[in-house]
Amino acid sequence: MPRLAVLGYPVGHSRSPAMHNAALAELGLGGEWSYEAIEVAPDAFEQRVRAMAGEGFAGANVTVPHKGAALALADELSETAREIGAANTLVFAGGEIRAENTDAEGFLRALPASPAGKRALVLGAGGAARAVVWVLLREGATVEIWNRTELRSQHLSEELGGETVERPEQPAYELIVNTTAVGLAGEDPFAELPLAADRFAPGQTVVDMVYGEEPSALLAAAGGEGATTVDGIEILVQQGALSLETWTQRPAPLDTMRAAARAA
Ligand code: ATR
């Protein structure tokens with residue numbers, strides 16, 4: 001009876017258990033596999049993870065604020081996780097802990113088209129921004145990074161690449177990605193971010209990693225101006241599908257996962 005879980009702090013809002021349990025049922029693994037949410041504080045994280053293999057866990061997702069700690073404690077890192085500096089997926093096998101990052105590839109799969117050659121603006125400089133900047137650069141996009149605290153975006157661009165920008169020219173971007181927490185607690189994105197509600201354009205793709213209210217104020221405005229929008233649930237689904245495939249070695253049922261994540 002392999003167990004799976006998402007580890008976070010807090011984790012009560014997570015849609016991952018509903019999404020993964022629906023997927024396991026669809027795959028006919030519902031009687032065998034299960035996926036739960038485990039709330040664990042940072043000071044207890046390492047001990048909790050090290051106990052999991054002995055408790056029947058085959059793997060885990062790791063979310064805020066544990067993505068750096070997950071990388072640090074792993075015995076083996078994927079190249080992606082190492083380069084991004086964060087892990088969202090752990091695999092327990094043969095007494096070892098393997099760390100992977102499916103956030104970057106999940107983000108890429110959620111986009112409606114390849115970002116190659118496109119001019120992209122990434123808002124934010126936290127862990128989510130790192131995965132997005134890393135994969136956009138790998139795919140050949142031109143990446144500009146804005147962050148409220150400029151020192152953090154400077155560090156990010158020095159480490160991973162891209163250029164920092166203080167005053168983004170909103171209509172010039174083909175892709176705009178909000179990785180900040182703005183909107184999570186109902187903040188007005190157009191007060192907190194260097195974007196105007198009426199300066200989106202058709203032909204732009206606007207991504208908001210924040211999910212909660214559907215659609216977010218950012219995506220409602222972007223969609224209203226004719227831009228293509230991608231929400232945080234689609235990214236959750238895509239990264240979750242890649243994690244599930246890593247653990248079960250079975251193709252993930254995307255439609256089932258999407259429906260469960262949206263209903264949760
Ligand atoms: P994550 O790993 O999810 O990216 P994080 O490291 O806490 O989380 O980063 C949160 C991001 O949201 C940061 O870029 C943060 O900006 P600062 O570096 O200036 O703190 C951004 N953020 C949070 N609240 C914000 C606000 N009200 N306005 C602008 N940016 C905000």
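The exercises below, each with a worked solution, explore a predicted model.

**Exercise 1. The ligand site**

Find how many residues surround the ligand, and state how the shell divides into nonpolar, polar and charged residues.

*Solution.*
Step 1. Count the shell: 14 residues surround the ligand.
Step 2. Pick out the closest: G127, N147, R148, T149 and R152.
Step 3. Sort the shell by type. Five residues are nonpolar, six are polar and three are charged.

**Exercise 2. Polar partners of the ligand**

Which atoms of A125, G127 and N147 lie across from an oxygen atom of the ligand, and at what distance?

*Solution.*
Step 1. Start with the backbone. A polar backbone atom of A125 is 3.1 Å from an oxygen atom of the ligand.
Step 2. Go on to G127. Here a polar backbone atom is 3.0 Å from an oxygen atom of the ligand.
Step 3. Turn to a side chain. An N or O atom in the side chain of N147 is 2.6 Å from an oxygen atom of the ligand.
Step 4. Ask how much of the ligand is covered. On its own, the ligand has 650 Å² of accessible area, and the protein covers 74% of that.

**Exercise 3. The buried side of helix α2**

Identify the buried residues of helix α2, decide how they are placed around the axis, and name what they pack against.

*Solution.*
Step 1. Helix α2 spans residues 45-52. Its buried residues are F45, V49 and M52.
Step 2. Recall a rule of helices. With 3.6 residues a turn, an α-helix has residues three or four places apart pointing the same way.
Step 3. Check the arc. The buried residues of α2 cover only 55° around the axis, so they sit on the same side of α2.
Step 4. Look at their partners. The strands are β1 (3-8), β2 (34-39), β3 (57-62), β5 (89-93) and β6 (96-100). Helix α3 (67-73) is also packed against them.

**Exercise 4. Helix α9 and what follows**

Work out which residues of α9 are buried, what covers them, and which residue with positive phi follows the helix.

*Solution.*
Step 1. In helix α9, residues 217-224, the buried residues are L218, L219, A221 and A222.
Step 2. These residues cover an arc of only 160° around the axis, which puts them on the same side of α9.
Step 3. Their cover includes β10 (175-178), α8 (189-192), β11 (205-208) and β12 (228-231).
Step 4. Move past the helix. G226 follows α9 and has a positive phi, near 95°.
Step 5. E225 is in the loop between α9 and β12. E225 has a relative accessible area of 30%, so it counts as partly exposed.
Step 6. Find distant partners of E225. Not counting residues up to four places away in sequence, E225 touches A197, D198, R199, F200, A201 and P202. D198 is 27 residues from E225 along the chain, yet their C-alpha atoms are separated by 6.9 Å.

**Exercise 5. Two loop residues**

Are Q170 and T102 buried or exposed, and what does each contact?

*Solution.*
Step 1. Place Q170: it lies in the loop between β9 (163-164) and β10.
Step 2. Buried means under 20% relative accessible area. Q170 has 3%, so Q170 is buried.
Step 3. The side chain of Q170 reaches the backbone nitrogen of A196 at 2.7 Å.
Step 4. Beyond its neighbours within four places in sequence, Q170 contacts residues including I176, P194, L195 and A196.
Step 5. Place T102: it is in the loop between β6 and α5 (103-110).
Step 6. T102 has 6% relative accessibility, so T102 is buried too.
Step 7. With neighbours within four places in sequence left aside, T102 contacts N88, T89, Q239, L242 and S243.

**Exercise 6. Backbone features**

Locate the cis peptide bonds before P10 and P65, then describe the phi of Q249.

*Solution.*
Step 1. Y9 and P10 are joined by a cis peptide bond, with omega near 5°. P10 is in the loop between β1 and α1 (16-26).
Step 2. The bond from V64 to P65 is cis, with omega about 5°. P65 is in the loop between β3 and α3.
Step 3. Q249 is not a glycine, yet its phi is positive, about 60°. Q249 sits in the loop between α10 (232-248) and α11 (254-263).
Step 4. Q249 has a relative accessible area of 65%, so Q249 is exposed.

Technical notes. Residues numbered from 1 in each chain as written. Predicted model: local features only at pLDDT ≥ 70, side-chain atom pairs only at ≥ 80, totals over all residues. Heavy atoms only, no water. Near = heavy atom within 4 Å. Polar contact = N/O pair within 3.5 Å; in protein donor to acceptor, adjacent residues only side chain to side chain. Areas by Shrake-Rupley, 256 points an atom, 1.4 Å probe, with all protein chains shown as cover. Nonpolar A, V, L, I, M, F, W, Y, C, P; charged D, E, K, R; others polar. Buried < 20%, exposed > 50% of the residue type's maximum accessible area, 1.4 Å probe, protein only. Helix = DSSP H or I, 4+ residues; strand = E, 2+ residues; numbered from the N terminus. Arc of directions from axis to C-beta. Contact = heavy atoms within 4.5 Å.
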